[in-house]
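Here is a short set of exercises to work through with the model open in your viewer. Try each task before you read its solution.

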Amino acid sequence: MKTTSTDSGRSQARGTGGGDGRRRGRGSPGMASERREHLVRLAAELFAQKGFQATTVRNIADEAGILSGSLYHHFDSKESIVDEILSGFFDEIMASYRAAIDRGQGPRETIAALVRAAFDTLEPHRAAITVMQNDWSYLRGMERFAYLTKAEDEIEEMWAGTIRQGQRQGLFRADIDATLTYRMVRDTIWMAVRWYRPGSGLDPKTLAEHYLKVMFDGINIH
């Protein structure tokens, strides 16, 4: 299994770009940090609604009720903002995936834990997931976002490796391709962000259990 981490990949990407792309905010450290977090949340919603490429720095500043120049006290570009959004998402989900793998349970239990971890991100990282779906091809072409591909490769190996282990143990069908299966599972989970709404009567845990029931048992009566 690969050991590439999101942090190390991101540091290397930023290092080649001449800095981390962030600027120190004015005022006390606490106020600056709170303001940064507020701006990131606003930008995340705009990126999810309009798309990263269509959203401008002025759009973000207008949403925050500030001048565009004030935004540059916290971030040097909108790329720096989306970097923070996506890296936070990947750091969290990869930590959850690694924990599921490290528990050393059987392949079926591990796959179930991975599915639950993925659904758990739908609410806190809805905007990041939407950005990944809409702007993945554009972002992955930028050097500073090289860590996205590295992280995705590691995640794919976690899932596909667990599926292959289940195949070797006779738990999963031998006639399915492990990588293709992972990608189909991944895409169906992430697509839920387009129709799932918090407070709609369903919660991520309920969605995950229903998904696992269909994935493992199908819809046919056995």
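Helices and strands here are DSSP runs, a helix having at least four residues and a strand at least two, and they are numbered from the N terminus. Keep in mind that this is a predicted model.

**Exercise 1. The fold in outline**

Task: Work out in which order the elements of the protein chain run from the N terminus on, and how many helices and strands there are.

Solution: Start with the count, which gives 10 helices and 0 strands. Reading from the N terminus on, the order is then α-α-α-α-α-α-α-α-α-α. Next, turn to the contacts between residues at least 6 apart in sequence: 73% of these join residues at least 24 apart. Finally, consider burial: of the 222 residues in the protein chain, 44% are buried.

**Exercise 2. The nonpolar core**

Task: Find which helices supply at least two residues each to the largest nonpolar core, and which of them gives the largest share.

Solution: A useful idea to begin with is that nonpolar side chains tend to be buried together in soluble globular proteins. In this model the largest nonpolar core has 64 residues, and Phe 47, Ile 81, Leu 86, Tyr 97, Phe 119, Trp 159 and Ile 189 have the most contacts inside it. At least two core residues come from each of H2 (29-50), H3 (57-64), H5 (78-102), H6 (107-120), H7 (126-140), H8 (146-168), H9 (178-191) and H10 (204-217). H5 gives the largest share, with 10 residues. For a view from one residue, select Phe 119: leaving out residues up to four places away in sequence, Phe 119 touches Ile 189, Ala 192, Pro 204, Leu 207, Ala 208 and Tyr 211.

**Exercise 3. How H7 meets H8**

Task: Describe the crossing of H7 and H8 by the angle of their axes, its handedness and the residues that make the contact.

Solution: First take the axes, which come within 9 Å and cross at roughly 115°. The crossing of H7 past H8 is left-handed. On the H7 side, the contact uses Trp 136, Leu 139 and Arg 140, while H8 brings Leu 148, Thr 149 and Glu 152. Sorting these residues by type gives 3 nonpolar, 1 polar and 2 charged.

**Exercise 4. Salt bridges between distant parts**

Task: For the salt bridges of Arg 144, Glu 154 and Arg 183, name the partner and decide whether each residue is buried or partly exposed.

Solution: The structure holds 10 salt bridges, and we take these three in turn.

1. Arg 144 pairs with Asp 83, with the closest N and O atoms 3.2 Å apart. Arg 144 sits in the loop between H7 and H8, and Asp 83 in H5, 61 residues apart. Both Arg 144 and Asp 83 are buried.

2. Glu 154 pairs with Arg 98, the closest N and O atoms being 3.1 Å apart. This pair links H8, where Glu 154 lies, to H5, where Arg 98 lies, across 56 residues. The cut-off for buried is under 20%. Glu 154 has a relative accessibility of 2%, so Glu 154 is buried. Arg 98, at 27%, is partly exposed.

3. Arg 183 meets Glu 156 at 2.9 Å, N to O. Because Arg 183 is in H9 and Glu 156 in H8, the pair ties together parts 27 residues apart in sequence. Arg 183 is partly exposed at 38%, whereas Glu 156 is buried at 16%.

To finish, look for a network: Glu 152, Arg 186 and Asp 187 are joined into one by salt bridges that share partners.

Key: Residues numbered from 1 in each chain as written. Predicted model: local features only at pLDDT ≥ 70, side-chain atom pairs only at ≥ 80, totals over all residues. Heavy atoms only, no water. Core = buried A, V, L, I, M, F, W, Y, C linked by side-chain atoms within 4.5 Å. Buried < 20%, exposed > 50% of the residue type's maximum accessible area, 1.4 Å probe, protein only. Contact = heavy atoms within 4.5 Å. Axes fitted to C-alpha atoms, helices over the stretch in contact; angles between N-to-C directions. Left-handed = near helix turned anticlockwise from the far one by under 90°. Nonpolar A, V, L, I, M, F, W, Y, C, P; charged D, E, K, R; others polar. Salt bridge = Lys/Arg side-chain N within 4 Å of Asp/Glu carboxyl O.
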